[in-house]
Amino acid sequence: MVTLVTYLPFYRIHEINEYFMRNVEILMPKTAIVYVDNVFHERQKEIISKVVPNGIEVKLGNWRNRNNTWLTMLKDFHSIGSEVMVVDSDNVVEPVLTEVHKVLSAQAPIYTILDVETWKRNPKHLLIRSREIGDVKLGNDTRPIYAYKVYDDSLGGLFRGGPIFFIGPKQVIAFMKLPDIELINRVEKTVNQIDPWLRNFISDETLLGVIAYLMDIKETLWTIASHHHYHGSTLGKITELFVAIAHHQFAKAIQGVS
């Protein structure tokens, strides 16, 4: 049985009951944990205690960005001692994920899940860095299994498939193997060299792609098995200048990590 985890900023705590508890009902994990960011006041803690159902473990912090939250989570996972599945807070998994997990967890140290909505809309940016390696039979249904290249410095990867380092689709990510603590600490030092106001301009998919590569994982497996309920809280298109500056700082800082 897996440990099921989600993470979210304080202003989205409604998603715990709206979506995460549905995932708990579907997957019936051994343990369920919620990480809540941007918590710095006792009254916030009071609100969270009233919102989160009994039986859910809650971890609070004021990391102020996804990447530092992830690094804390990865270190914490070492004390769990079992498979860990992290689901984005605005996703509800399909029941077939229980069967998908049995297949993919036996094949890869890390696998990820794409949402049905992106698959139907246009997954070209993912497929350009992926190769189909098989499928998983789910009763009368069949889902393709792809291997995603986490490092790609080709022109196709850079301009059509996203950043050079990328973990692939990440609506759900399951860990059968964790990065060691020393590696996490080294990557954390590089993230902490980025201006705090810019850290959220680096996607957690990029951070996780770097970590996977440093774990000597060149490809991650993925298939389709969740539904994405867009939270609608972002302002729209991200300012490309801020994204470029953030990635420049990250690239400079990470040169010493090997």
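Helix α1 bends by about 35° at F20. This is a predicted model. The chain holds 10 helices and 10 strands. Buried residues account for 51% of its 258 residues. Among contacts between residues at least 6 apart in sequence, 79% join residues at least 24 apart.

**Helix α1**

- Helix α1 covers residues 14-27, and its 14 residues should span 20 Å at 1.5 Å a residue.
- The C-alpha atoms at the ends of α1 are 20 Å apart, which agrees with that expected span.
- The bend of about 35° falls at F20, and F20 is also one of the buried residues of α1.
- The other buried residues of α1 are E15, I16, Y19, M21, N23, V24 and L27.
- The cover over the buried residues of α1 includes four strands and a helix: β1 (3-9), β2, β4 (84-87), β5 (91-93) and α4.
- M28 follows α1 and has a positive phi, near 45°.

**Strands β2 and β3**

- Strand β2 takes in residues 31-37, and strand β3 takes in residues 57-60.
- β2 and β3 pair in the parallel sense, over four bridges.
- I33 stands opposite E57, a residue of β3.
- Helix α2 (residues 42-51) joins β2 and β3 in a β-α-β unit, and this unit is right-handed.
- In a regular strand, side chains alternate between the two faces of the sheet.
- β2 is also among the elements that cover the buried residues of α1.

**Helix α4**

- Helix α4 runs over residues 97-104, and its buried residues are L97, V100, H101 and L104.
- These buried residues lie on the same side of α4, because they cover an arc of only 105° around the axis.
- α4 is included in what covers the buried residues of α1.

**E99 in α4**

- E99 is found in helix α4.
- The relative accessible area of E99 is 39%, so E99 counts as partly exposed; the limits for that class are 20% and 50%.
- E99 and K137 are 38 residues apart along the chain, and their C-alpha atoms are separated by 8.9 Å.

Note on methods
Residues are numbered from 1 along each chain as its sequence is written. This is a predicted model: local features need pLDDT of at least 70, side-chain atom pairs count only at pLDDT 80 or more; totals for chains, interfaces and linings use all residues. Side-chain values use heavy atoms; hydrogens and water are left out. Buried means under 20% relative accessible area, exposed over 50%, partly exposed in between (1.4 Å probe, protein chains only). Helices (H or I, at least four residues) and strands (E, at least two) are DSSP runs, numbered from the N terminus. The arc is that of the directions from the helix axis to the C-beta atoms. Two strands pair if DSSP finds at least two bridges between them. A crossover is right-handed if, with the strands pointing away from the viewer, the path from the first strand over the helix to the second runs clockwise. The expected span of a helix is 1.5 Å times one less than its number of residues. The bend at a residue is the angle between axes fitted to the seven residues ending there and the seven starting there. Contact means heavy atoms within 4.5 Å.
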